[in-house]
Amino acid sequence: MEFEAHLPPFDDRLLGSVRDLAFLVWGEFDLDLQWRLSSMPNPMVLSASSSGHLLAFKCGYALTQTRYYSWLGAVHPDHRRQGLASRLTEMQHAWLAGRAYTAVETAADKDNTAMAALNLRHGFVPHGLRTEPQRIQILYAKQLP
Ligand SMILES: CC(C)(COP(=O)(O)OP(=O)(O)OC[C@H]1O[C@@H](n2cnc3c(N)ncnc32)[C@H](O)[C@@H]1OP(=O)(O)O)[C@@H](O)C(=O)NCCC(=O)NCCS
C-alpha cells in the first residue's frame, strides 16, 4: 500500500482516479473537484493506492490562514474497515499541525454513522448543524496542537 500527499499542480491521472472512485461511491453528482482544487487556497489530496489503483482519498483546502477544511474523502467499498481512512486522516492532521493551522473542520451527513465514528475517533467535536434543501450535515471541528 502506498500513501501519498499531493500538492498542486495535481496530476490529471490522480484527479481522474479520484473522480472514478467518487463516482463508484456516490454515483453521478455535481463534484466540483477541479474547481475547488484549483480555486480554493492550499488544497491537498491524500491518497492510498495499491499497484497503481486508487483505493482511498481525502481532499481539503484552507478556509483561513489558520483553519483548514477537510472536504471530501472516500474508501473503495472492497477496502473498508482496514484503517485506510484513519491513516489518511492522521496524515492530514499531522501535515496541518506542522504548519500554521490551529484547527481542522469537516462536515458529514447526519445519517453517516461511519463518518461520525471516524471523526469522533480522530478528535473532532460536533459543534453544529448545516441545513441544506436535501440534507442536514453535522459540523465538526478539531483544535490542532
Ligand atoms: C467513512 C469511510 C471513509 C471510512 O473509511 P474506512 O477506511 O473504512 O475507515 P477506517 O477503517 O479507517 O475506520 C476507522 C474507524 O472509523 C469507524 N468506522 C469506520 N467505518 C465504520 C462503519 N461502517 N460503522 C461504524 N464505524 C465505522 C470505526 O471506529 C473504525 O475503527 P475500527 O475499524 O477499529 O472499529 C468509508 O466508509 C467511506 O468511504 N464511506 C463512503 C464515503 C463517505 O461517506 N465519505 C464521507 C463524506 S465526505
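**Group meeting: strand 2 and the ligand shell**

Okay, let's start with a pairing: strand 1, residues 2-6, lines up with strand 2 in the antiparallel sense, over 5 bridges. Keep in mind that we're looking at a predicted model here. If you want one contact to find on screen, go to F3; its bridge partner in strand 2 is A48.

Now, strand 2 also has a partner in strand 3, residues 53-62. Those two run antiparallel as well, and 7 bridges join them. Look at S50, and you'll see it stands opposite H53 in strand 3. Strand 2 and strand 3 form a hairpin with 2 residues between the strands. There, S51 takes a positive phi near 50 degrees.

So is strand 2 mostly covered or mostly open? Mostly covered: strand 2 spans residues 44-50, and 5 of its 7 residues are buried. One bit of background while we're on strands: in a regular one, the side chains alternate between the two faces of the sheet.

Right, over to the ligand. The shell around it has 20 residues, and the closest are R80, A85, S86, A114 and A117. Three elements give two or more residues each: strand 4 (67-75), helix 3 (84-97) and helix 4 (113-121). Which of the elements gives the most to that shell? That's helix 4, with 6 residues.

And what is the shell made of, in terms of nonpolar, polar and charged residues? You get 11 nonpolar, 6 polar and 3 charged.

That's my tour, thanks.

Terms used
Residues numbered from 1 in each chain as written. Predicted model: local features only at pLDDT ≥ 70, side-chain atom pairs only at ≥ 80, totals over all residues. Buried ≥ 20, exposed ≤ 12 C-beta atoms within 10 Å, placed from the backbone. Helix = DSSP H or I, 4+ residues; strand = E, 2+ residues; numbered from the N terminus. Pairing = 2+ DSSP bridges. Near = placed C-beta within 6 Å. Nonpolar A, V, L, I, M, F, W, Y, C, P; charged D, E, K, R; others polar.
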